[in-house]
Amino acid sequence: MIEVNVELKDRRYPIRIGSDILTQPQHYAPLKSGDNVMIVSNPNVAKHYLATVSETLRQLGCRVESVLIPDGEQYKTLESLNLIFTALLQANYGRDTTIIALGGGVVGDVAGFAAASYQRGVRLLQIPTTLLSQVDSSVGGKTGVNHALGKNMIGAFYQPCAVIIDSTTLETLPKREVFAGLAEVIKYGAILDIAFFEWLERHISDLVRLDTNKLQSCIQRCCELKAEVVARDETEQGDRALLNLGHTFGHAIETHLGYGNWLHGEAVAVGMLMAAAQSHLLGDLSQEAVARLEKLLAQANLPTVSPDGMTADDYLPLMMRDKKVLRGKLRLVLLKQLGQAYVAKDSDPQLVQQAIHIYSQFD
Ligand SMILES: NC(=O)c1ccc[n+]([C@@H]2O[C@H](COP(=O)([O-])OP(=O)(O)OC[C@H]3O[C@@H](n4cnc5c(N)ncnc54)[C@H](O)[C@@H]3O)[C@@H](O)[C@H]2O)c1
Ligand SMILES: O=C(O)C(=O)C[C@@H](O)[C@H](O)[C@H](O)COP(=O)(O)O
Ligand SMILES: [Zn+2]
């Protein structure tokens, strides 16, 4: 078992990474005998892992209840949040509850927001079961739900007390979801760590075929990088925005197509290419670097062009609703070079359109 710590200003929490660790009660600390636990999951994840997690928590002496929200990005909603509140109230659970998010990023974000808001805040523990949630969404405390007009528009920063990553859960994950997770993995290399990017170039085929050792090293590196950024800037006042590379474009794709049609990681993959194209147009990123990013994403079986029929005119109004927009000005994460990102304060909309066009299927 490997442990990575997230060092916040006033406390720290562990990310425990290992295989077959969900059956071992000691990894669930700080949970202890007598605790009231509400496991939030969905039917798809529950059929594989709910019994194991519930049984281990009962061995520990916890009272265990569970609630399932429907599966899919289209259910990352206030209605799903309300299902969780109802289950908590029906169980007569109070402020001493721990909510456990057992699932991918959708379950993690909704359950996390429930923990942030139920009785003004109860303890949260994350058990991520997709590659994307293990390398990204379970760490750092962004929680929330979507609105029909924009992604993650309602939410809170709310940190978990621990994250338990069992990499063997990836064995049941559909391949398309593994590839979507690789988009966020590649993002870390592109924004923060050229050595990791080069490691990914060497080992992408091992990751695609779920090589256990390579996967664990990869998950560990991503968690270390995210933990460092979150420790510096927990609530995105500065540097944390770098984790948003490709997301302003990507969220526009997800919203335009209807949640769940393209996976988050797929939309971010194309969004990163658009950001890279813009960085090249600005004279920063070399064409060779853009091509390396495109090649790596393609090797991870990710899309590399905008969805069929979506035009630059479809992107811009949605991009203007991005949470990074300040006083009506777009703020985009761009690349100086591979491994070095920055926030561009006032992007020229015409240049943005040109970048979108480069990775689009229309002309
Ligand atoms: N909070 C953050 O910092 C953050 C970071 C990145 C992404 N996100 C959000 O995360 C969401 C995407 O998360 P995701 O990619 O995990 O998608 P997801 O939660 O929809 O899970 C993908 C699919 O895999 C299934 N699944 C999960 N674990 C499984 C397993 N082990 N075996 C079999 N099936 C399994 C799920 O039921 C679902 O059908 C988006 O809403 C995105 O906005 C949040
Ligand atoms: O943790 C962060 O910070 C991120 O930006 C990680 C992203 O991968 C993630 O998709 C996040 O939910 C996007 O946040 P948002 O603020 O753009 O909604
Ligand atoms: Zn993301």
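## A buried salt bridge

At a relative accessibility of 7%, Asp-136 counts as buried in this structure, which is a predicted model. The cut-off that matters here is 20%, since a residue is called buried when its relative accessible area is under that value. Lys-187 is likewise buried, with a relative accessible area of 1%. The two residues form a salt bridge, and their closest N and O atoms are 3.1 Å apart. Lys-187 belongs to helix H5 (residues 175–192) and Asp-136 to helix H4 (residues 131–137), so this pair ties together parts of the chain that are 51 residues apart in sequence.

As background, side chains of opposite charge can pair when their charged atoms come close.

## Further salt bridges and a network

How many salt bridges does the structure hold? The count is 22, and a few of them can be followed residue by residue. One of them joins the side chains of Glu-198 and Arg-292, with an N to O distance of 3.9 Å. Glu-198 sits in helix H6 (residues 194–208) and Arg-292 in helix H10 (residues 287–299), so the bridge ties together parts that are 94 residues apart in sequence. Are these two partners buried, partly exposed or exposed? Glu-198 is partly exposed, with a relative accessible area of 34%, and Arg-292 is also partly exposed, at 25%.

Another salt bridge brings together the side chains of Asp-322 and Lys-324, where the N to O distance is 2.8 Å. Both Asp-322 and Lys-324 are buried. Salt bridges can also share partners, and in this way Asp-136, Glu-184, Lys-187 and Lys-226 are joined into one network.

## The zinc site

Which protein residues act as donors to the zinc ion (ligand 3)? They are Glu-184, through an OE atom, together with His-247 and His-264, each through NE2, and they lie 2.0 to 2.2 Å from the ion. Along the sequence, the donor residues follow the spacing E-x62-H-x16-H. His-247 lies in helix H8 (residues 247–257) and His-264 in helix H9 (residues 264–281), so this pair ties together parts that are 17 residues apart in sequence.

Both histidines can also be described by their accessibility. His-247 is buried, with a relative accessible area of 5%, and His-264 is buried as well, with a value of 17%. Glu-184, the remaining donor named above, also takes part in the salt-bridge network with Asp-136, Lys-187 and Lys-226.

## Two annotated domains

A UniProt annotation from an unreviewed entry, "domain: 3-dehydroquinate synthase N-terminal", covers residues 67–178. Over this span the chain is 33% helix and 30% strand, while the C-alpha atoms at its two ends are 25 Å apart. A second annotation from an unreviewed UniProt entry, "domain: 3-dehydroquinate synthase C-terminal", covers residues 181–325. Here the span is 68% helix and 0% strand, and the end C-alpha atoms lie 26 Å apart.

## Helices H2 and H3, and strand S8

Helix H2 (residues 78–90) and helix H3 (residues 105–117) have axes that come within 9 Å of each other and cross at roughly 55°. At this angle the two helices are therefore oblique to each other, and the crossing in which H2 passes H3 is right-handed.

Strand S8 (residues 150–157) contains Lys-151, and this lysine counts as buried at 4% relative accessibility. The C-alpha atom of Lys-151 is separated by 14 Å from that of Phe-113, although the two residues are 38 residues apart along the chain.

## Backbone details in the loops

Where in the chain does Pro-30 lie? Pro-30 is found in the loop between strand S2 (12–18) and strand S3 (36–41), and the peptide bond leading from Ala-29 to Pro-30 is cis, with omega near 15°.

Two residues other than glycine have a positive phi value: for Arg-120 phi is near 70°, and for Leu-210 phi is near 60°. Arg-120 lies in the loop between H3 and strand S6 (123–128), and this arginine is exposed, with a relative accessible area of 75%. Leu-210 also lies in a loop, located between H6 and helix H7 (212–232).

Methods
Residues are numbered from 1 along each chain as its sequence is written. Chains are lettered from A and ligands numbered from 1 in the order in which they are written. This is a predicted model: local features need pLDDT of at least 70, side-chain atom pairs count only at pLDDT 80 or more; totals for chains, interfaces and linings use all residues. Side-chain values use heavy atoms; hydrogens and water are left out. A salt bridge is a side-chain nitrogen of Lys or Arg within 4 Å of a carboxyl oxygen of Asp or Glu. Helices (H or I, at least four residues) and strands (E, at least two) are DSSP runs, numbered from the N terminus. Buried means under 20% relative accessible area, exposed over 50%, partly exposed in between (1.4 Å probe, protein chains only). UniProt positions are given in the numbering used here, feature names are shortened, and annotations may be inferred rather than shown by experiment. Donors are N, O and S atoms within 2.8 Å of the metal (3.2 Å for Na, K and Ca); water is not among the atoms, so sites may look incomplete. Axes are lines fitted to C-alpha atoms, for helices over the stretch in contact, and angles run from 0 to 180 degrees between N-to-C directions. Angles under 35 degrees count as roughly parallel, over 145 as roughly antiparallel, 65 to 115 as roughly perpendicular and the rest as oblique. A crossing is left-handed if the near helix is turned anticlockwise from the far one by less than a right angle, and right-handed if clockwise.
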